[in-house]
Every structure is written in C-alpha cells, then in structure tokens.
Amino acid sequence: NYSFTLKAGLYTFHLYGGQGGDAYGDGKIKAYGGKGAYTKGTMTITGKGMSFFGLVGGQGSRGKVGPNPGGYNGGGSSGKDTGVISRDDASGGGGGATDIRIKSVRIMVAGGGSGAAGGCNGAPGGDEDGRATGGSNNQYVIVPNSNLVYGGFGESGVSADRIPGSGAGGGYYGGRRREWAGYESTGYKAVAGSGSSYINTNYF
C-alpha cells in the first residue's frame, strides 16, 4: 500500500492488475494465469495538490496441491486437489486488482486475471466488464459487470479430486468461480472469471 501527494500539474496514471496463478497437471505446470488488465488516465491537479492511496494487486499463487491463495487486493483462492491416488493437479489463485483511491473512494482500477486450470490459461483482466472462458480451452467471452461480484473480491474455486476450480480475479467487480474439470482438455470448465476495471471520468 502506498500513500502519496502530488503537487499541482498534469499527471498520467498507469495501472496493471495482478496476474493469476499457474495450473499444474501431474506435478508439472500445464497452463498460465491470466494477465491483469491495464488502465491509463490523465489528471490535472490544481491548487495545493491532492493526496492518494494506492493498492498494488498481487499475483495469484501456484502449487501442486492447493488451495492456492489469491493475490493481494481481491484475488480468490483456488480449490484443493483432493485426489486419492495423487494430488498434483491444482489450479492457480486469482490475481488481485491494482487501484488508486482518494480517501476510500476508488477512482481507477485495473482488474486481476484469473487462475489457470488443467490445460487452460486463466482469463485476462477485463475492461468495464469481466472475462471468462467460453466452450473450449483458451477462448474467452465478455461477462457483464451485472454478473460479477459487487465489492471487488474474486470468488474462490471449488475443491475436487480431479482438477479443482481456479481463483477468480479481483477488480472493481470481482470475478465468479466455475466448477471443476475432469481432464486437462476440459480445463476451461474450472477456470474462474477475471475482475473488471474502472476509470472515474470525473477525475480523468
């Protein structure tokens, strides 16, 4: 977390959301967490300056068993691989959001990507809407923010004895979890959604 004050002038803010955690299959990394979103805005500050508070989104964790914690500032945790024969197919945690605040009000947010699962990479951080997997690995669709989680925290994935659900990304609205998957080829079923981003046009 960072607190800082800027004097009068013209400033450009660049924010990057946290990346989701990687997925394991048979003890080896098989897919990568979704990259965080990027937001940019230019602000004119007048008078005596303005004070800000910034939170930097963390990358989602990875590990063979899980549950793998989500990244700082809203990333959801993955589920746990509860398999009886082997436990080495865990999914990644969700990436956290990066945001700038004035007092407690978020004025710019870059959403976090979701964790990977099976053979499917995590969903990339969204714009004003989130992202989630479609009907196959590494294909993504838009998720309207009306279907995301109010408050900015991504949901945690479900545990399973095959491929557990990954963690969702944090954001202005947090991503939603999915179910579990039986095979690497259907890992998309276990990949959670990413968080959304936001730019307050009253400031930028």
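In this predicted model, Tyr-150 is exposed, because its relative accessible area of 73% lies over the 50% required for that class. The ring of Tyr-150 also takes part in an aromatic pair. A search of the whole structure finds seven aromatic pairs, including that of Tyr-150 and Tyr-173, whose ring centres are 6.2 Å apart and whose planes meet at 55°, so the pair is tilted. Distant parts of the chain are linked by this pair: Tyr-150 belongs to strand β11 (residues 149–150) and Tyr-173 to strand β12, with the two positions 23 residues apart in numbering.

Tyr-173 also pairs with Tyr-172. Here the ring centres are 5.3 Å apart and the planes stand at 85°, so this pair is edge-to-face; an angle over 60 degrees places a pair in that class. Tyr-172 counts as partly exposed, because its relative accessibility is 24% and the class covers values between 20% and 50%. Elsewhere, ring pairs join Phe-4, Phe-13, Phe-52 and Phe-204 into a cluster. A further aromatic residue, Tyr-183, has the charged end of Arg-162 over its ring, at 5.8 Å from the ring centre.

The nonpolar interior was examined next. The largest nonpolar core comprises 12 residues. Among them are three phenylalanines of the ring cluster, Phe-13, Phe-52 and Phe-204, together with residues such as Leu-6, Leu-15, Met-43, Ile-100 and Met-108. Two or more residues of this core come from each of β2 (9–16), β5 (38–45), β7 (98–102) and β8 (105–110). The greatest contribution is made by β8, which supplies three residues. Leu-15, a member of this core, is in contact with Ala-37, Tyr-38, Thr-39, Thr-98, Asp-99, Ile-100, Met-108, Val-109 and Ala-110 when its neighbours within four places in sequence are left aside. Apart from the largest core lies another, of seven residues, which include Ala-117, Cys-120, Ala-190 and Val-191.

Finally, Thr-186 is located in the loop between β12 (173–174) and β13 (198–199). Is this loop residue, Thr-186, buried or exposed? Thr-186 counts as buried, because its relative accessibility is 18% and the limit for burial is under 20%. When residues up to four places away in sequence are not counted, Thr-186 touches Asn-137 and Ala-181.

Conventions:
Residues numbered from 1 in each chain as written. Predicted model: local features only at pLDDT ≥ 70, side-chain atom pairs only at ≥ 80, totals over all residues. Heavy atoms only, no water. Helix = DSSP H or I, 4+ residues; strand = E, 2+ residues; numbered from the N terminus. Buried < 20%, exposed > 50% of the residue type's maximum accessible area, 1.4 Å probe, protein only. Contact = heavy atoms within 4.5 Å. Phe/Tyr/Trp six-rings, centres within 6.5 Å; stacked < 30°, edge-to-face > 60°. Lys NZ or Arg CZ within 6 Å of the ring centre and 35° of its normal. Core = buried A, V, L, I, M, F, W, Y, C linked by side-chain atoms within 4.5 Å.
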